Amino acid sequence: TALLPALLHIAAMTAGAWGVGRELRDGTLPQWLGATPSLGQVLGAVAGKLLWSWLGLGLVGLAALVGMTWGRGWYPAGSVLWTAVALWVFLALSVALGALLAGATRSLRTALSATGFITAPAFAFGGVAFPILAMPWGAQLWARALPYTHYARLQVEQLQMGAPLAVSLATPLCMALATAVVLLASAWALRSAARQPASWGKR
């Protein structure tokens, strides 16, 4: 139950980085965003591009979550529904982070490399395989900076520990706020890139 969200995290950030990064690689920003896009137009374009990846991966994650709990006759004491909400928000943050990496670096190759650097070790640092408090302080800082760590903690709270909903209430709300900030930063980065054609096409 903890490994699948880690794999979806990898896929979601990769999808976000690829969807935006290929526009930069192929030099197709004007066709996608328009000649002189406003920040709102860019934000809408980014959200539209990321929507289908988010929906597809979210449905896969939801089906797996329901199958591994209610589908096996396991009815956790915590809230499966709130865990599902958190999973959808976590995946939204993941695709948005991938888009931000592409927009900020203006390089598909660099964005995909950074995506791998962030997501590949997320499971090891998420506190599931090894307790965070037993890690060196530097590893603890890195673990707490990763979105997967916070989702994994909520999932354990709800599915394994049966914690009250109030204990896990803030995590999806904070991730939703972070998603909005990251999407806005992605739009700003892409709007800046649209004004500098020389930076397009980097691989």
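In this predicted model, helix 3 gives the largest share of the lining of the largest cavity, contributing four residues. Two further elements, helix 1 (3-25) and helix 8 (147-160), join helix 3 (39-68) as those that supply two or more residues to that lining. The residues concerned can be followed along the chain, beginning with Thr1, Leu4, Pro5 and Leu8, continuing with Gly61, Ala64, Leu65 and Met68, and then passing through Leu87 to Tyr151 and Gln155. Sorted by class, this lining holds eight nonpolar and three polar residues, while charged residues are absent from it. The space enclosed in the largest cavity comes to about 50 Å³, and the structure holds one cavity of 30 Å³ or more.

Attention can now turn from the cavity to the largest pocket, in which about 190 Å³ of space lies. Here the largest share of the lining, six residues, comes from helix 8, an element that also gives two or more residues to the lining of the largest cavity. The pocket is lined by Gly126, Gly127, Val128, Ile132 and Arg144, together with Thr149, His150, Ala152, Arg153, Val156, Glu157 and Met161. By class, the pocket lining divides into five nonpolar, four polar and three charged residues, whereas the lining of the largest cavity has no charged residues.

Helix 8 therefore offers a convenient place to view both spaces, if its range is taken as 147-160 and its part in the pocket as the six residues that form the largest share of that lining. Among the residues to inspect there, Tyr151 and Gln155 line the cavity, while Ala152 and Val156 are among those that line the pocket.

Definitions and conventions. Residues numbered from 1 in each chain as written. Predicted model: local features only at pLDDT ≥ 70, side-chain atom pairs only at ≥ 80, totals over all residues. Heavy atoms only, no water. 1 Å grid on protein atoms, 1.4 Å probe; cavity = no way out; pocket = protein on both sides within 12 Å on 5 of 7 lines; lining within 4 Å. Points joined across faces, edges and corners; volume = space filled by probe spheres on them. Nonpolar A, V, L, I, M, F, W, Y, C, P; charged D, E, K, R; others polar.
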